[in-house]
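Work through the exercises below with the sequence and the structure open beside you. Try each task before you read its solution.

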Amino acid sequence: MDPDPFFPSTISPHFLPPHCPRDDCPSRHPGSPFLWQRKGRYRRACDERVVQRFWCRACCRYFSTQSFRLDFGLRKPTLHFTLFDTFISKVTQRQAARILECTRKTVVHRLRLLSEHSRAFHERVLARARARGGLDGDYQLDELETFEGSRRQCPVTMPVLIELHSYFVVHVEVAPLPPRGKARRKELERRLERERVEGRRRSGSSAAVERCFRVLADAHGHQRAPTISTDCKSTYGPLLRKAFPDTCYHVRHSSKARRDFHNPLFPINHTLAMLRDGLSRLVRRNWGVSKQREWLERHAWVWIAYRNYIRPLTNRSPRTTAASALGLVDKLGKHDLFEWRLVPAR
Ligand SMILES: [Zn+2]
C-alpha cells in the first residue's frame, strides 16, 4: 500500500479504504489487520454524489468514502472552495461572509480547515522530496513586516523562504516584534496594560528565521550545498551556520538597491509583493488587518498552497506551477487539493 494513500497524484479512482476512519478502532493498532466489506451505496441529498458505504469487521461500525473526505460533516460541502478563492483574492473575512451569505464563524471555521489541510499537504510534499534525496535548488529569504491590531504597539515579522528559480515557497513563520517608536502617554498606558497580561513583547525574529532555515536544512537532505541569499541583516549569517553546520553558501545583497527585475533579490521581493496583493490582511492601510498573528499565519498557509500547487507560474505556461517546476507535484486544481482529508476530523 502507498504510505501516503491520500496524496492527490497517487489516489486511485477506485477508492479502497486504507484504514478504519475511527481512531478508537482495534484495527488502528500497529500490526492489527484491517478487514472490511462493501455495504451498498447511497446518494447524497446535498449534491447528488453517489457514496460507497463500508463495514469495518474490527469495530463492527459503518463508514463510507465520505468519512475520508475534507468536506465530511460540513453542512455546505462546497462553500470552502468559494471561500478559498476569497482567501487568496484580497477579500476580507467580513466581506466574504456578506457576499456568500454565511456567518463569520463559518468563514473562520473554513479558514482553519483549509489552512491546516494546506500546511499538512505542504509538509507531505517536503517529506516526499526528502525521501527522494531532498529538495534541490537555491534559496532566498526575507522578512515581511506587518502588525496585529496596532502598527506601533504590536508589529509582526513574517520571514518567508523560497526556492529562487521556481518561486516555490518552502516555509513561512510569523513572530512578534517589540513596540516601535516613543509611546505617547495614552499609548504607554495601553502598552503597560498589555504587558501585564501578555508579558513584555520581545522580538521573535531570529527564532522564526532559524525555524525557516531548519525546515530547509531538513528538506534539502544531502543534496549539494545550497546557496541562500538574503539582505545584509547581521543575524542571518550566524543563524545559517547553526542550521547548516556542514556547509552552505550565504550571499548577501543590499536591500537599498532599486527594487526592479534586475535586483538580485527580485524573486523574494516579488513573492512578498504577491503576498501583500493576495492576503486581505496584508494590504497596507486597510481595516482588514490581522487582530491576532496566529490567524495571519493560518491565512498565509492557504495562500502558499495556492502559490505552490495551483497558480500557474506565469501566464504563458498555464500547466507549470512552482511545485511542478521543481519536479515535486504536477499542477493541481483546488478540487484535487482539498478533496481528501489529511488532518484528523475535529
Ligand atoms: Zn473500525
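Helices, taken as DSSP runs of H or I with at least four residues, are numbered from the N terminus. The structure in these exercises is a predicted model.

**Exercise 1. Place D218 in the fold, and decide how accessible it is.**

Solution. Begin with the numbering of the helices, which leads to helix α5, residues 205–220, as the element that holds D218. Next take the relative accessibility of D218, which is 41%, and since buried means under 20% and exposed means over 50%, D218 counts as partly exposed. Finally, compare positions in the chain with positions in space: D218 and P155 are 63 residues apart along the chain, and their C-alpha atoms are separated by 29 Å.

**Exercise 2. Describe the site of the zinc ion: which residues are its protein donors, and what is its geometry?**

Solution. First list the donors, which are the SG atoms of C20, C25, C56 and C59, lying 2.2 to 2.4 Å from the zinc ion. Then examine the angles among the four donor atoms, which run from 102 to 118°, so that the site is tetrahedral, a class that requires all angles to lie between 85 and 135 degrees. Along the chain, the donors follow the spacing C-x4-C-x30-C-x2-C. Within this set, the pair C20 and C56 links distant parts of the chain, as C20 belongs to the segment before β1 (36–43) and C56 to strand β2 (residues 50–56), 36 residues apart. To complete the picture, note that C20 and C56 are both buried.

**Exercise 3. Starting from S27, find out whether this residue is buried or exposed, and which residues it contacts.**

Solution. S27 is located in the segment before β1. Its relative accessibility is 9%, and therefore S27 counts as buried. When neighbours within four places in sequence are set aside, the contacts of S27 are C20, S32, P33, F34 and A58. One of these contacts, C20, has already appeared as a donor of the zinc ion.

**Exercise 4. Determine how helix α1 is oriented relative to helix α3, and which residues meet between them.**

Solution. Start from the axes of α1 (residues 79–87) and α3 (residues 104–131), which come within 10 Å and cross at roughly 85°. Because of this crossing angle, α1 is roughly perpendicular to α3. The next step is to read off the contact itself, where L79, H80, L83, F84 and F87 of α1 meet T106, V107, R110, L111 and L114 of α3. Sorted by class, the contact is made up of seven nonpolar, two polar and one charged residues.

**Exercise 5. Examine H122: where does it lie, and which residues does it contact?**

Solution. H122 sits in helix α3. With 1% relative accessibility, H122 counts as buried. Apart from its neighbours within four places in sequence, H122 contacts F168, V169, V170, W301, I304, N308 and Y309.

**Exercise 6. Consider K90 and E101: what is phi of each residue, and how accessible is each?**

Solution. Take K90 first, which is found in the loop between α1 and α2 (93–99). Phi of K90 is near 65°, a positive value in a residue other than glycine, and its relative accessible area of 39% makes K90 partly exposed. Turn then to E101, which lies in the loop between α2 and α3. Phi of E101 is near 55°, again a positive value in a residue other than glycine, and with 67% relative accessibility, E101 counts as exposed.

Definitions and conventions
Residues are numbered from 1 along each chain as its sequence is written. This is a predicted model: local features need pLDDT of at least 70, side-chain atom pairs count only at pLDDT 80 or more; totals for chains, interfaces and linings use all residues. Side-chain values use heavy atoms; hydrogens and water are left out. Donors are N, O and S atoms within 2.8 Å of the metal (3.2 Å for Na, K and Ca); water is not among the atoms, so sites may look incomplete. Four donors count as tetrahedral if all angles lie between 85 and 135 degrees; four count as square planar and six as octahedral if opposite donors are over 155 degrees apart and all others between 65 and 115; anything else is irregular. Helices (H or I, at least four residues) and strands (E, at least two) are DSSP runs, numbered from the N terminus. Buried means under 20% relative accessible area, exposed over 50%, partly exposed in between (1.4 Å probe, protein chains only). Axes are lines fitted to C-alpha atoms, for helices over the stretch in contact, and angles run from 0 to 180 degrees between N-to-C directions. Angles under 35 degrees count as roughly parallel, over 145 as roughly antiparallel, 65 to 115 as roughly perpendicular and the rest as oblique. Contact means heavy atoms within 4.5 Å. Ala, Val, Leu, Ile, Met, Phe, Trp, Tyr, Cys and Pro count as nonpolar, Asp, Glu, Lys and Arg as charged, and the others, Gly among them, as polar.
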